[in-house]
Amino acid sequence: MTETVLVTGAFGLVGAQTVRRLAEAGHRVVVTDLGTPAQRKTVLPANAEARWADLTDQGEVDRLIAEVTPTVIVHLAAVILPAMYRIPAIGRRVNVEATAALVRAAQSAPRPPRFVLASSNAVYGARNPHRNPERLRADSPLAPSELYGEHKVEAENLVRASGLDWVILRLGGVISVEPGAMPINGDAMFFESALPTDGRIHTVDVRDVATAFTKAATADVVGEALLIAGDDSHLLRQKDVGLAMAAARGLPNVLPAGLPGDPDSDENWFVTDWLDTSRAQEALSFQQHSWPDMLAEMRAAAGWRRHVMFLVAPLARVFLNRRAAYRNAPGRYADPWGAIRSRLGDPRPD
Ligand SMILES: NC(=O)c1ccc[n+]([C@@H]2O[C@H](COP(=O)([O-])OP(=O)(O)OC[C@H]3O[C@@H](n4cnc5c(N)ncnc54)[C@H](O)[C@@H]3O)[C@@H](O)[C@H]2O)c1
């Protein structure tokens, strides 16, 4: 069945792929985002059109919904980590209040649309793998331990209470094989170096996330929260992800050694874990890209540049080590929240 699908945050990492997949599936796709100069220059698929709106403005949201009359909203717009810790007030306006504005507009539509919300495994809070050996399930208790997870729980609650046909997709760690698709800046490198090296993270190819959102637009999954992450080859430890990706692009062993998490602490761990994706995979059949296949694609995409990168690797190693969160730090174990607080902002104010 052909739907009119409004995709928010359509020019982000997940949005760009989701728009492509929805268009391929034959839907009429209306993409919306802030309308930056780069976004306005982007070429869209033939059956997609763009409408610009700041979703924190209820008037703009009302106009958007009235003009587009979507039958499905895929709500991806957000301020994500680690950027959000620097701008928590804006983060809340986008992650929570814009969701409320969209829900209100959708409720008032003559034919209220299905509402598909992008959430995160951050809703479960910090995860010590020594104390939580089992994988997270959709019905595991929500226990956010920092601002981003709190935002996502609030957004989920708004959607659940809306009376709309809702679907919630809680994403694991989304990875793209495309060079440059994921921001690599000073904050991102510092943030990654602060996370416990042995923390569990369940990665997933962004193309598979896009497939999940595309199928969730029409599948028989209304009223469900589904866990979206890759097949079992994506059950990784934090330190392995960056190391393997950098090596695939020609930069072996460039990342700082980092520190493991404290086995006796419930708090000093990051908000990722391994997810039980069985129900999501049964309903949406989205897992198509294994972790080894992704790394092979990254190696192939880097091509001859890998040899150049190999030559700059020693410099990159020195550069990154100088900026590492635990450079010259005394402790045995990672203190991710202390490190984040010292450089980016308070991740869990009282
Ligand atoms: N990337 C991940 O690993 C990950 C993991 C878990 C959950 N998620 C969730 O998936 C969704 C998509 O994530 P992403 O990685 O594509 O994020 P992204 O940062 O790449 O894209 C977010 C988009 O939202 C837009 N946006 C921000 N403020 C806006 C506003 N006021 N009005 C309109 N548009 C606005 C941005 O311009 C951007 O294009 C988000 O809801 C995110 O919280 C992502």
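Select helix 9 (residues 238–248): this helix lies across strand 7, strand 8 and strand 10, and runs at about 90° to strand 10. Contact here means heavy atoms within 4.5 Å. Axes are lines fitted to C-alpha atoms, for helices over the stretch in contact, and angles run from 0 to 180 degrees between N-to-C directions. Helices (H or I, at least four residues) and strands (E, at least two) are DSSP runs, numbered from the N terminus. The model is predicted: local features need pLDDT of at least 70, side-chain atom pairs count only at pLDDT 80 or more, and totals for chains, interfaces and linings use all residues. Residues are numbered from 1 along each chain as its sequence is written, and side-chain values use heavy atoms, with hydrogens and water left out.

**The three-stranded sheet**

Next select the strands under helix 9. They form an open sheet in the order 7-8-10, with mixed pairing; two strands pair if DSSP finds at least two bridges between them. Strand 7 (173–175) and strand 10 (235–237) are the edge strands, each pairing on one side only. From one strand to the next the twist averages 45°. Strand 8 (residues 200–205) is joined to strand 10 by three bridges, and the two run antiparallel. To see the register, pick H202, which stands opposite L235 in strand 10.

**The seven-stranded sheet**

Move to the other open sheet, whose seven strands follow the order 3-2-1-4-5-6-9 with parallel pairing. At its edges are strand 3 (48–52) and strand 9 (224–228), and each pairs on one side only. Neighbouring strands of this sheet are turned by 20° against each other on average, direction ignored. Five bridges join strand 6 (residues 166–171) to strand 9, and V167 stands opposite E224 in strand 9.

Now add two helices. Helix 1 (residues 13–24) packs on this sheet and touches strand 1 (4–8), strand 2 (28–33), strand 3, strand 4 (72–75) and strand 6. The direction of helix 1 makes about 165° with that of strand 2. Helix 8 (residues 206–216) lies across strand 4, strand 5 (114–120), strand 6 and strand 9, at about 170° to strand 6.

**The ligand**

Select the ligand and the 25 residues around it; L13, V14, D33, L76 and Y148 come nearest. A residue is near a molecule if one of its heavy atoms lies within 4 Å of it.

Three polar contacts (pairs of N or O atoms within 3.5 Å; within protein, one must be able to donate a hydrogen and the other to accept it, and residues adjacent in sequence count only if both atoms are side-chain atoms) can be picked out:

- G12: a backbone N or O atom lies 3.3 Å from an oxygen atom of the ligand.
- L76: a polar backbone atom is 2.9 Å from a ligand oxygen atom.
- K152: a polar side-chain atom lies 2.9 Å from an oxygen atom of the ligand.

Which elements give two or more residues to the shell around the ligand? They are helix 1, strand 5 and helix 6 (147–160). Strand 5 gives the most, with three residues.

**Backbone exceptions**

Most residues other than glycine have a negative phi, and most peptide bonds are trans. Go to the peptide bond from L81 to P82, which is cis, with omega near 0°. P82 is found in the loop between strand 4 and helix 4 (83–86). Then select T69, where phi is near 40°, in the loop between helix 3 (58–68) and strand 4. End at N253, with a positive phi of about 55°, in the loop between helix 9 and helix 10 (278–284).
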